Amino acid sequence: MIETLEVQLEKWKKALLIFLGAGSALFLMALVDFPARMATLRQDGNPLVDGGFGIWFLLLIACLIPGILLLASPRWRKSQLEQRAATGYGFLGVAWLLMAGFSLRMNVLLPAIGHFIFLTWGPLLAVILLLLRRTPQRKEEMFP
């Protein structure tokens, strides 16, 4: 059972790289497009809503589900947290990157608290991951 989980974890690591590339591209697109969207909003007064939000939503769901499953699923709890934590938090980090880009893209339609929640979620995840890694490893003694 654990061997199959290790094989699946390797597949999830490869999938994480694909999602990271897509999430980075969407975040950079939102960052580059931000001044133009603000200028259009000042001129017209109407925010632009386009079909790209569907792709954003699908990628967000596709990143959140594996991240949560790798960290909290009873099936994955059979393997050690040290092996799966980086991949699980990687998926959640990509989800945060997508949400930060979405927050930049929807700057007018979201209230200020929405932006605050989206932008503080990533550093909170990073602090949790660092705290988990700082806990000392329990070494098993050969002769107690």
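Select F91 to begin: in this predicted model, F91 has a relative accessibility of 0% and therefore counts as buried. Keep F91 displayed and add W12, whose relative accessibility of 31% places it among the partly exposed residues, because the buried class ends under 20%.

With both side chains drawn, turn to their rings, which belong to one of the five aromatic pairs that the structure holds. The ring centres of W12 and F91 are 5.6 Å apart and the planes stand at 85°, so this pair is edge-to-face. Since W12 lies in helix α1 and F91 in helix α3, the pair ties together parts that are 79 residues apart in sequence. Adding F19 to the selection completes one aromatic cluster, formed by W12, F19 and F91.

Next, select F53 and F102, where the ring centres are 5.7 Å apart and the planes again make an angle of 85°, so that this pair too is edge-to-face. Here F53 comes from helix α2 and F102 from helix α3, so the pair ties together parts that are 49 residues apart in sequence. F53 itself has a relative accessibility of 13% and so counts as buried.

Now step back and colour the chain by secondary structure, which shows four helices and zero strands, running α-α-α-α from the N terminus on. Of the 144 residues in the chain, 31% are buried. If contacts are drawn between residues at least 6 apart in sequence, 75% of them join residues at least 24 apart.

Which residues have the most contacts inside the largest nonpolar core? Select F19, W56, C63, F91, V94 and L98, which hold that position in a core of 20 residues. The elements that give two or more residues to this core are α1 (2-44), α2 (52-72) and α3 (81-105). A second core, separate from this one, has five residues, including A85, Y89, L92 and L125. As general background, nonpolar side chains in soluble globular proteins tend to be buried together.

Centre the view on W56 and show its surroundings: leaving aside residues up to four places away in sequence, W56 touches L26, M29, A30, L98, G101, F102 and R105. The last of these is a good next selection, and R105 is found in helix α3.

Is R105 buried or exposed? With a relative accessible area of 6%, R105 is buried. Its side chain makes a polar contact with the side chain of D33, at 3.0 Å. When residues up to four places away in sequence are again left out, R105 touches M29, A30, D33, R37, D50, F53 and W56, a list that includes F53 from the aromatic pair with F102.

Follow α2 as a whole by selecting its buried residues, which are F53, W56, L59, L60, C63, P66, G67, L70 and L71. At 1.5 Å a residue, the 21 residues of α2 should span 30 Å, and the end C-alpha atoms are 30 Å apart, which agrees. A72 also has its place in helix α2, and with a relative accessibility of 38% it counts as partly exposed. Draw a distance from the C-alpha atom of A72 to that of G88, 16 residues apart along the chain, and the separation is 9.3 Å.

Moving into the loop between α2 and α3, select K78, which at 53% relative accessibility counts as exposed. The C-alpha atoms of K78 and L5 are 73 residues apart along the chain and are separated by 8.8 Å.

The tour closes on helix α4, residues 112-134. Its 23 residues should span 33 Å at 1.5 Å a residue, and the end C-alpha atoms are 34 Å apart, which agrees. Where along α4 does the kink lie? Select W121, where there is a kink of about 30°, and then P123, the proline that the kink shortly precedes. Finally, show G114, H115, F118, G122 and L125, the buried residues of α4, which pack against α3. One of them, L125, was met above in the second nonpolar core.

Notes. Residues are numbered from 1 along each chain as its sequence is written. This is a predicted model: local features need pLDDT of at least 70, side-chain atom pairs count only at pLDDT 80 or more; totals for chains, interfaces and linings use all residues. Side-chain values use heavy atoms; hydrogens and water are left out. A nonpolar core is a set of buried Ala, Val, Leu, Ile, Met, Phe, Trp, Tyr and Cys residues joined through side-chain atoms within 4.5 Å. Buried means under 20% relative accessible area, exposed over 50%, partly exposed in between (1.4 Å probe, protein chains only). Contact means heavy atoms within 4.5 Å. Rings of Phe, Tyr and Trp (its six-membered ring) pair if their centres lie within 6.5 Å; planes under 30 degrees apart count as stacked, over 60 as edge-to-face and the rest as tilted. The expected span of a helix is 1.5 Å times one less than its number of residues. The bend at a residue is the angle between axes fitted to the seven residues ending there and the seven starting there. A polar contact is a pair of N or O atoms within 3.5 Å; within protein, one must be able to donate a hydrogen and the other to accept it, and residues adjacent in sequence count only if both atoms are side-chain atoms.
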